[in-house]
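Q: I have this protein open in front of me and would like a close look at one part, the interior. Please start from a pair of charged side chains there and work outwards from it.

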Amino acid sequence: MPASTSGRNTAAIAAAATAASIASIASLLYYLEIPSLLQQRVQARKVGGPRCYSPNAKPSLPEFKLLTQQETLRETYPLASRIEKNIPVYDCASFDLTDVSATDKLQDELYHNLTSGPGVYILKHFFLDPSIIDATNQAFEEIIAYEHQASGGAKGDHFAPGSANARIWNAFSKHALQDPESYVQYFSNAWFKLVCDSYLGPGYKITTQVNIVRPGGKAQMPHRDYHLGFQTDEDVVAWPKAVHLMSGLLTLQGAVAHTDMPLESGPTRLMPYSQTFGEGFRSYRRPEFIEYFESNHVSVAMQKGDAVFFSPSLFHAAGENITADFDRSANLIQVSSAFGKTMETIDTLPLIDKTYDLLAAKYRAEGLSMEVDAFIRAVAEGYPFPTNLDCRPPAPGGMAPESEQQILRRGVIEGWDRERMMSELDDMREASSANGKIGRQTTVFGT
């Protein structure tokens, strides 16, 4: 072999070895998150820009398009039964919720979906027993009829008048008071706990609103949801950029289909990946973003008992019901983090009072089953703050006093009757108030 050829081969081998070494080092640095650590070091040494979005600068529609034109890969969500219109679809009937390893992997997928992926997923057979939906629908019909008579007309919402929609605000509370039996069955669904825990962690608080869209009911305008989604454009830009990110992490949106939802009935219009757009809360009312949404949104048909969950930062809108004789009904689910404020006020004590005997009977029959635990987490407050620490100091070895959930769980296990349970919760609420049991502080310390 000529010397020149041998030299070239040696050089090529050396170059390949060098490239391989560089690739290995780059992979190691990436694995150790060195680039992000270096980026943080740089950011820590320089004020990078204004803390708030400028009200005079236009949000970038090209950036929004680039984000929302991503493709959802099947291998990213291996536990999904299929990907439909860029949305992972899971079949609840195929999972064993007692398999902790499998459910942990599922929760990882759901978390990734809402934070970094398409921002929305569908759970087929979220309710396997249709009789629970039927009994709940009957309770809703009775509530709607009562409110219609009491108010002298149908109650609409912030998107449509009562002639087009029927709405039950604070359906979570009204359902319990109207029909505690179906309420306990409904919120004993262990899938609520799995879904809410996956995104919000423990101590979450559920609120619900029923929405029935009649034939001819028009589509909503695209929007984002609570918190910042309910602010005006002028108010939104007053909040720092970090709060725009935080707003999407404090709430989980969802809906349970209480009827079948064929496409012509107008199931929710969705824009996958739109929750990843940083300026979305100040963009969704802009004409160019509305036009793009109207031309590119997707909808997926659902069956009674299915559920959809999505980030509150996702651009979405209820669709138009173009059927001639079909009412589309959904129980809208809004779940708040323990560290957020719910949109609606929920007084938990009347709900616990109304359902405690049913819960206690369920515990005697099942023990502390997933269903019993799911209901306790749904009906009672899981976060003990704010409170009065003079009256309710943390327990020895702990950092917080008991929450309503902990008291309710303890009472069920120890066999308390309803009177004792309500007395314990009343005492806790009184002790938590600013006045508490020791009276309002009237002196200034140190004087």
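A: **A charged pair and its surroundings**

K124 and D306 are both buried. Please keep in mind that this is a predicted model. The side chains of these two residues meet in a salt bridge, with 2.6 Å from N to O. The link spans distant parts of the chain: K124 sits in strand β3 (residues 120-124), D306 belongs to the loop between α11 (287-296) and β8 (307-310), and 182 residues separate them. In the whole structure, a search finds 20 salt bridges.

D306 also leads us to the nonpolar interior, as one of the residues in contact with F126. Leaving out neighbours within four places in sequence, the other contacts of F126 are C92, N189, W191, F192, V195, V256, G305, A307 and F309. F126 is worth a pause, since F126 and L408 touch the most other members of the largest nonpolar core, a set of 59 residues. Helix α8 (residues 190-200) supplies the largest share of this core, with 8 residues. Domain 1 (61-336) and domain 2 (348-432) each contribute at least three residues to this core. There is also a second, separate core of 15 residues, with V89, V120, A255 and L270 among its members.

From here, follow α8 to helix α13 (residues 370-379), as α8 is among the elements that cover the buried residues of α13. The cover also includes α6 (171-178), α7 (180-187), β5 (205-213), α12 (348-366) and α14 (404-414). In α13, 8 of the 10 residues are buried, and these are V372, D373, A374, F375, I376, R377, A378 and V379.

One of the covering elements, α7, is itself largely enclosed by the rest of the structure, because 6 of its 8 residues are buried. The buried residues of α7 are P180, S182, Y183, V184, Y186 and F187. Y183, which lies in this helix, counts as buried because its relative accessibility is 0%. Beyond its neighbours within four places in sequence, Y183 is in contact with F172, H175, A176, L351, T355, F375 and V379. Two of these contacts, F375 and V379, are also among the buried residues of α13. Y183 and I132 lie 51 residues apart in sequence, and their C-alpha atoms are 8.8 Å apart.

Past α13, the loop towards α14 brings us to the surface. Y383 lies in that loop, and it counts as partly exposed because its relative accessibility is 32%. Together with F339, F385 and L389, Y383 forms a nonpolar surface patch with about 410 Å² of accessible area.

For contrast with the buried pair, look at a salt bridge in helix α15 (residues 418-432), where R420 and E424 are 4 residues apart, about one turn of the helix. An α-helix has 3.6 residues a turn, so residues three or four places apart point the same way. The side chains of R420 and E424 meet at 3.5 Å, N to O. R420 is partly exposed, at 40% relative accessible area, and E424 is partly exposed as well, at 27%.

Stepping back, 47% of the 447 residues of the protein count as buried. Of the contacts with a separation of 6 or more, 81% join residues 24 or more positions apart.

Terms used:
Residues are numbered from 1 along each chain as its sequence is written. This is a predicted model: local features need pLDDT of at least 70, side-chain atom pairs count only at pLDDT 80 or more; totals for chains, interfaces and linings use all residues. Side-chain values use heavy atoms; hydrogens and water are left out. A nonpolar core is a set of buried Ala, Val, Leu, Ile, Met, Phe, Trp, Tyr and Cys residues joined through side-chain atoms within 4.5 Å. Buried means under 20% relative accessible area, exposed over 50%, partly exposed in between (1.4 Å probe, protein chains only). Helices (H or I, at least four residues) and strands (E, at least two) are DSSP runs, numbered from the N terminus. Domain bounds come from an automatic or database domain assignment. Contact means heavy atoms within 4.5 Å. Patches are made of residues with over 30% relative accessible area and no salt bridge: like charges are joined within 9 Å, nonpolar side chains (Val, Leu, Ile, Met, Phe, Trp, Tyr) within 5 Å. Accessible areas come from the Shrake-Rupley method with a 1.4 Å probe; for residues, only the protein chains shown count as cover. A salt bridge is a side-chain nitrogen of Lys or Arg within 4 Å of a carboxyl oxygen of Asp or Glu.
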